[in-house]
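Please open the structure in a viewer and keep the selection tool at hand. The tour below proceeds from one selection to the next.

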Amino acid sequence: MSVPANQDFQWMAHALRLAEQGLYTTTPNPRVGCVIVKNNQIVGEGAHLKAGEPHAEVHALRQAGKQAEDADIYVTLEPCSHFGKTPPCVDAVIAAKPKRVIIAVQDPNPLVSGRSVAVLRDLGIEVVVGVMENEARAQNPGFILRMTRGFPYVRCKIAASLDGRTALNNGRSQWITGEPARLDVQHWRAQSCAIVTGIGTVLADNPSMTVRMENATRQPLRVIVDSHLQTPVGCKMLDAATVQHNPVLIAYAEDRNQRADALSAAGAELICLPDAGRVDLSALLATLAQRGMNEVLIEAGQGLNGALLHAKLIDEFIFYYAPKLMGADAKAMFAIPELTEMQQVTDLQIVDVRQVGCDLRLRAKPVKVAT
């Protein structure tokens with residue numbers, strides 16, 4: 001007897017909610033949820049919570065025990081088929097002898113994608129793939145992009161006035177948005193693997209770039225794009241008490257003033273990625289991906305924002321608009337070469353709009369042009 005499709009969606013939606021438990025903690029692994037259903041009742045459920053710890057399927061199977069036999073297993077990502085820090089989950093699934101395995105997304109790693117599906121089907125276990133696939137992909141955009149293209153998912157967060165200005169002409173910008181918006185940013189920081197800023201922001205604002213949430217259990221890597229190594233040794237990001245637990249990576253192009261040793265002694269890791277006198281941003285993102293970084297948050301000024309936009313390296317924008325007007329002489333969001341034709345502009349698709357305190361949060365993604 002076939003299972004109604006709406007029930008598959010119901011249980012997969014529950015698995016996706018479980019996966020949210022790992023929103024801030026699973027990196028470099030994906031967020032995964034699993035639900036085991038028998039006679040229309042949940043007999044086991046679980047989520048992957050931290051790299052190196054049991055995966056979602058293992059938690060759910062342990063809870064279900066013998067009831068997993070002839071049950072339906074719903075999992076948001078194809079069970080792994082290779083040894084990593086933990087054994088292959090597909091082996092545990094096979095040992096449980098389920099009737100069906102319902103998968104939202106196949107493993108995005110091209111080296112193993114579909115392997116578990118094939119093994120399960122060869123053993124006579126019914127496998128359904130693609131239930132709530134879009135929702136599952138949206139839950140792990142960075143992991144999927146890193147596996148398929150070797151890049152992290154890049155979000156660019158910008159706080160601005162309604163006329164699109166990010167700081168006064170003298171550089172002052174604290175605070176454009178209200179406290180609720182600034183607290184909202186902490187959630188984006190917490191789910192990111194790295195926070196990237198530019199030397200201009202470091203010199204103007206001296207930020208810490210840490211996650212300031214009471215329940216924060218992990219701090220992202222902090223990255224400074226500093227082409228000529230101008231980072232002050234005494235800046236907040238290199239505070240001795242902070243840098244010991246919250247690493248800082250400085251990407252540079254050349255060390256004109258022989259400051260590399262001093263910055264290294266202050267606790268920073270340095271990486272040279274030159275490109276015509278500036279940091280090669282594409283190489284930096286690829287390096288972060290190689291280090292297991294799934295999602296990267298950009299919190300910078302118009303210079304770095306503009307360079308990333310011009311290079312088409314931003315996957316999503318998070319704009320916080322404050323009900324303020326700052327005038328034409330204030331600093332803009334992006335410093336890019338002058339555009340002379342409307343065909344040159346960046347078209348965006350708005351994916352979410354909501355009010356946060358007195359401010360407006362707008363999320364948008366670049367419209368990809370078919371080639």
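Which side chains meet in a salt bridge with an N to O distance of 3.1 Å? They are those of Glu133 and Arg137. The model on display is predicted, and this pair is the opening stop of the tour.

**Stop 1: a pair within a helix**

Select helix H5, residues 133-139. Because Glu133 and Arg137 are 4 residues apart in this helix, about one helical turn separates them. Both ends of the bridge may then be coloured by accessibility. Glu133 counts as partly exposed at 29% relative accessibility, and Arg137 also counts as partly exposed, at 36%.

**Stop 2: a pair between strands**

The salt bridges come to a count of 14. For another of them, select Arg100 and Asp72, whose closest N and O atoms are 3.3 Å apart. This pair links distant parts of the chain: Arg100 belongs to strand E4 (residues 100-105) and Asp72 to strand E3 (residues 72-77), with their positions 28 residues apart in the numbering. Are these two residues buried or exposed? Arg100 is buried, since its relative accessibility is 6% and the limit for buried is under 20%. Asp72 is likewise buried, with a relative accessible area of 7%.

**Stop 3: a network of salt bridges**

Next, select Glu316 and Arg363, whose side chains form a salt bridge with an N to O distance of 2.6 Å. Here too distant parts of the chain are linked, as Glu316 lies in strand E15 (residues 316-322) and Arg363 in strand E18, 47 residues apart. Glu316 counts as buried, at 1% relative accessibility. Now extend the selection to Arg31, Arg155 and Glu295; together with Glu316 and Arg363, these residues are linked in a network of salt bridges.

**Stop 4: the enclosed spaces**

Two of the network residues lead to the next selection. Arg31 and Glu295, along with Thr26, Asn29 and Asn294, lie nearest the centre of the largest cavity, which is lined by 14 residues. This cavity has a volume of about 70 Å³. Its lining divides into 4 nonpolar, 7 polar and 3 charged residues.

How many cavities of 30 Å³ or more does a search of the whole structure find? The search finds 2. To display the second largest, select Arg31, Thr76, Leu77, Val105, Ala136, Asn140 and Ile144, which line it. It holds about 40 Å³ of space, and its lining comprises 4 nonpolar, 2 polar and 1 charged residue.

**Stop 5: the largest pocket**

Turn to the largest pocket, with a volume of about 1200 Å³. Of the 46 residues in its lining, select Thr201, Asp205, Glu299, Ala300 and Gly301, which are the closest to its centre. Several elements give two or more residues to this lining, among them strand E6 (153-161), helix H7 (179-190), helix H8 (199-205) and helix H12 (302-310). By class, the lining has 17 nonpolar, 18 polar and 11 charged residues.

**Stop 6: a patch on the surface**

For the final stop, select Ile350, Val353 and Leu360, which make a nonpolar surface patch of about 250 Å². Leu360 is placed in strand E18 (residues 359-366), the strand that also holds Arg363. Leu360 is partly exposed, with a relative accessible area of 34%.

Conventions
Residues numbered from 1 in each chain as written. Predicted model: local features only at pLDDT ≥ 70, side-chain atom pairs only at ≥ 80, totals over all residues. Heavy atoms only, no water. 1 Å grid on protein atoms, 1.4 Å probe; cavity = no way out; pocket = protein on both sides within 12 Å on 5 of 7 lines; lining within 4 Å. Points joined across faces, edges and corners; volume = space filled by probe spheres on them. Nonpolar A, V, L, I, M, F, W, Y, C, P; charged D, E, K, R; others polar. Patch = residues over 30% accessible without salt bridge, like charges linked within 9 Å, V, L, I, M, F, W, Y side chains within 5 Å. Areas by Shrake-Rupley, 256 points an atom, 1.4 Å probe, with all protein chains shown as cover. Salt bridge = Lys/Arg side-chain N within 4 Å of Asp/Glu carboxyl O. Buried < 20%, exposed > 50% of the residue type's maximum accessible area, 1.4 Å probe, protein only.
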